[in-house]
Structures are given as C-alpha cells and as structure tokens.
Amino acid sequence: MHTGGDLLIIELGAVVLGLAIVARLARRIGIPALPLYLLVGLALGEGGLVELPASAEFIEAGAEIGVILMLLMLGLEFSTHELIVNVRRSTLAGIVDFVLNFAPGFVAGLILDFDPIIAGLLGGVTYISSSGIVAKLVADLDRIGNHETSVVLSVLVIEDLAMVLYLPIVSGLLFGGSVLSTTLTVVVSLAAVIAVLGVAYLFGDRLSAIALSRSSEALLLTLLGGTLLVAGLAGRLNISTAVGAFVVGVALSGEIVSRARGLLLPLRNLFAAVFFVFFGLQVDTTLIPGVAVAALAIAAVTVVTKLATGWIAAGRAGIGKPGRLRAGAALIAHGEFSVVIAELGIARESNLGALAAAYVIILTLVGAVLYQFSDSIPVSRPRWRARAGRSS
C-alpha cells in the first residue's frame with residue numbers, strides 16, 4: 001500500500017511538472033496552453049507514449065472539480081442584471097450563432113454515420129466557443145475597451161446560458177431517459193436556474209455578505225465547499241454539475257466576487273489543466289489519423305461560420321468592418337465546453353473523443369492566431385472597385 005501511494009505521488013508530480021513546462025512553452029510562443037494540456041493527455045492515454053495506472057482515478061476526480069471551478073469562475077464574471085441585459089440585447093445574435101454553428105457539427109455527425117444523439121453532441125462541440133480562452137486573448141491583447149468586445153461577450157453569455165438547456169437535454173437522451181423524463185429534467189433545470197437567478201437578483205448582496213469572511217482560509221473553504229455541494233446536488237437532480245456551479249457564481253455579488261477570483265484562480269488553473277489531461281487520457285490516439293481529415297474540414301467550416309457570426313452581431317451594433325472581423329476571429333477558439341460536451345459521448349462513440357480532441361486543438365490555435373493578427377487583414381474594398389465606384 002505504501003509503495004502504491006509513493007507511485008501515485010510520483011506520477012502526479014511528474015504530470016504537474018510536465019504541465020508547468022507546457023504552460024511556460026505556451027506563454028513563450030504566445031498561444032493558449034489548454035490545447036497543449038490536451039496533447040499531454042493524449043501522450044499519456046490509450047495508444048500514447050506512457051500510461052498512468054496509479055493516478056488515473058485521482059485525475060478523474062480532479063477533472064470533475066476542474067469543470068466545476070471553470071464554470072464557477074465563469075459565473076463570477078456576470079451579475080444577474082448583466083445576464084438579463086445581455087440576453088435582451090443579443091437574442092437575435094445568439095439565434096444566428098446557434099443556427100450557423102450547431103449545423104456543421106450535427107450534419108458532419110450524420111455524414112460520419114454517428115447516431116442522431118452523438119451527432120447532436122458534435123453539434124454542441126462546434127457551436128460553443130471557449131469563454132475562458134476568448135477572455136484571456138482579449139485581456140492579453142489589451143482589447144477589453146474595444147467596441148466589439150462587448151458584442152463578443154454578449155454572444156458568449158448567450159452560448160453559456162444555452163448550455164443550461166442543452167446539457168440536461170443531451171444527458172437525458174444519452175443515458176436512456178424517456179421523452180417525458182427528459183422533458184421533466186429540462187423543466188426542473190430551467191425552473192431551478194430561474195429561481196436561483198431570481199433569489200440572486202433580489203437577495204444576492206445579502207447572501208454574499210453572509211458568505212463573506214475576512215479570513216481568506218474560511219472564505220476559500222466556504223466557496224469551494226458550497227459550490228461542490230450545489231454542483232453535486234444539481235448532478236443528482238440530472239441538471240448538470242456544470243450548470244449548478246455556474247449558477248453559484250452568478251448568484252454572488254459585491255466584494256466577495258473580487259476576493260473569490262483571487263482565491264479560486266490558482267485552483268481553477270490547476271484543475272482545469274487536469275481536466276484537459278483527463279480528457280486526453282480517454283482518447284484512443286490510434287483513432288486520430290482516421291478522423292484528422294474530418295476534423296480539419298469541420299474546423300474550416302467553423303472558422304467561416306464563427307467569422308460570419310461575429311460579423312453579423314457586430315454589424316448590428318453599428319461597428320465598422322475591422323471590429324466586425326475582430327469579433328468573428330475572437331469567437332473561433334473552442335475549448336472547455338466543447339471538451340465537456342464530447343466527454344459525455346466518448347464511451348458510446350470513441351471516434352467522437354478523437355474528433356473533438358483534434359478539432360479543439362486546431363480551432364484554438366487557429367483562433368488565437370487569427371484574432372491576434374486580425375487587424376492586419378484587409379477588409380475594405382479593393383482599390384480598383386473604389387475607383388470604379390467613384391467614376392460611376
């Protein structure tokens with residue numbers, strides 16, 4: 001038993017140290033680290049270079065915590081008032097986003113002979129952009145004050161809220177629920193979220209004041225314990241642990257939000273990295289060559305549809321062509337939610353995991369590069385057309 005414990009510590013230490021090296025490398029070359037974490041998981045998983053027999057269960061538990069912390073931190077970025085305003089302002093853009101970006105994955109899934117439920121999961125993978133990666137890119141490139149950034153964030157909020165409905169629906173269908181039970185799950189999920197948001201809107205400041213503590217230790221334990229408890233209860237009700245964690249983040253307000261970000265960010269970064277490693281561990285790397293062409297094709301279509309989404313959404317806000325292009329480029333990167341969705345169906349369709357892994361890596365890298373250099377891409381009319389227009 002002692003020897004097994006030592007092996008667990010050695011494996012975990014080697015994995016975390018490897019992730020530290022990867023994070024340094026990503027920062028040096030100026031790309032997001034998440035796809036590189038995924039590559040580490042692929043290298044350590046089935047068909048990879050090395051296996052991790054002692055630490056697999058620990059990493060699995062850490063991955064679940066990673067999802068919860070990612071969604072909690074995402075919820076902290078929005079107040080209930082901001083959510084309501086963003087939903088009202090960006091409903092049409094959200095509908096356009098869903099139509100343009102769910103279709104490529106769903107159609108590709110049917111073409112690849114996936115069953116309709118797995119095709120629906122692939123549609124979710126192509127639909128939702130990575131809020132975490134986009135937020136980091138915006139901050140790193142100092143574009144927070146740009147006019148198009150608020151449009152991008154509004155679209156991302158709509159996508160995140162859509163997951164409140166999407167995750168219970170696909171989970172119910174995937175795990176054998178009847179139409180009635182799935183419908184009931186969705187209704188309960190939506191009612192619970194609306195109820196919590198209503199309580200947060202009316203009593204958020206008071207509840208946050210109760211949870212707030214001058215002791216960083218007590219506050220961290222309160223936040224982590226409360227979020228895990230709510231997420232776990234949400235999971236028991238088939239609502240989704242991710243949705244439960246997101247709602248907790250939204251419910252908090254005031255001073256506790258800024259302090260929570262500082263306390264939870266290092267934990268989020270650690271367990272988010274573990275989550276991507278765990279997903280990579282589940283992917284049979286021998287399947288990736290067989291889905292590489294499909295991943296490239298779907299990624300190419302998604303680049304076009306996300307650019308179109310950002311262009312349309314920013315155009316409706318009266319933003320010029322350079323800003324429209326930046327908005328579209330910002331939405332290209334896919335990450336945490338795409339992987340969360342793919343993980344639901346990986347046991348039922350192993351090719352889904354390999355396809356999603358390749359797809360996320362491609363789009364995260366392409367999205368980061370296009371967004372970084374979007375200002376260098378010409379979007380005005382060619383000169384000969386401009387001259388023709390003047391002469392006419």
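This section describes the helices, salt bridges, surface and selected contacts of a predicted model.

In the predicted model, the chain contains 16 helices and 0 strands. Of its 392 residues, 48% are buried. Contacts between residues at least 6 apart in sequence are made up to 82% of pairs that join residues at least 24 apart. The accessible surface of the chain amounts to about 18600 Å², and carbon and sulfur atoms account for 67% of that area.

A search of the whole structure identified 5 salt bridges. One of these is formed by Asp97 and Lys306, whose closest N and O atoms are 3.1 Å apart. The two residues belong to distant parts of the chain, with Asp97 in helix H4 (residues 80-111) and Lys306 in helix H12 (residues 288-316), a separation of 209 residues. Asp97 and Lys306 are both buried. This pair does not stand alone, as Asp97, Glu159 and Lys306 are linked in a network of salt bridges.

Another salt bridge joins Arg326 to Glu148, with 2.9 Å between the closest N and O atoms. Distant parts of the chain are again linked: Arg326 lies in helix H13 (residues 321-330) and Glu148 in helix H7 (residues 147-174), 178 residues apart. Both partners are buried. For Arg326, the relative accessibility is 14%, which falls under the 20% limit, and the residue therefore counts as buried. Once neighbours within four places in sequence are set aside, the contacts of Arg326 comprise Arg143, Asn146, Glu148, Tyr371, Ser374 and Asp375. The salt-bridge partner Glu148 is thus listed among the contacts of Arg326.

A further salt bridge is found between Glu255 and Arg214, where the closest N and O atoms are 2.7 Å apart. Glu255 is located in helix H11 (residues 255-282), whereas Arg214 occupies the loop between helix H8 (179-211) and helix H9 (216-236), so this pair ties together parts that are 41 residues apart in sequence. The partners in this bridge are not buried: Glu255 is partly exposed at 37% relative accessibility, and Arg214 is exposed, with a relative accessible area of 65%. The assignment of Arg214 follows because exposed residues are those over 50%. In general terms, side chains of opposite charge can pair when their charged atoms come close.

The geometry of helix H7 was also examined. With 28 residues at 1.5 Å a residue, H7 should span 40 Å, and its end C-alpha atoms are 41 Å apart, in agreement with that expectation. H7 nevertheless bends by about 35° at Val164, and a proline, Pro168, follows within four residues.

On the surface, Val199, Tyr201, Leu202, Phe203, Leu207 and Ile210 make a nonpolar patch of about 630 Å². Val199, one of the residues in this patch, lies in helix H8. The relative accessibility of Val199 is 37%, and this residue is accordingly partly exposed.

Two residues illustrate contacts between parts of the chain that are separated in sequence. Ile65 is located in helix H3 (residues 56-76) and is partly exposed, with a relative accessibility of 26%. The C-alpha atoms of Ile65 and Arg268 are separated by 8.6 Å, although the residues are 203 apart along the chain. With neighbours within four places in sequence excluded, Ile65 is in contact with Leu228 and Phe271.

Leu363, in helix H15 (residues 350-372), has 0% relative accessibility and therefore counts as buried. The C-alpha atoms of Leu363 and Ala295 are 9.7 Å apart in space, and the two residues are 68 apart in sequence. When neighbours within four places in sequence are left aside, Leu363 is in contact with Ala299, Thr302, Val303, Ile332, Ala333 and His334.

Technical notes:
Residues numbered from 1 in each chain as written. Predicted model: local features only at pLDDT ≥ 70, side-chain atom pairs only at ≥ 80, totals over all residues. Heavy atoms only, no water. Salt bridge = Lys/Arg side-chain N within 4 Å of Asp/Glu carboxyl O. Buried < 20%, exposed > 50% of the residue type's maximum accessible area, 1.4 Å probe, protein only. Expected span 1.5 Å × (residues − 1). Bend = angle between axes of the 7 residues up to and from the residue. Contact = heavy atoms within 4.5 Å. Patch = residues over 30% accessible without salt bridge, like charges linked within 9 Å, V, L, I, M, F, W, Y side chains within 5 Å. Areas by Shrake-Rupley, 256 points an atom, 1.4 Å probe, with all protein chains shown as cover.
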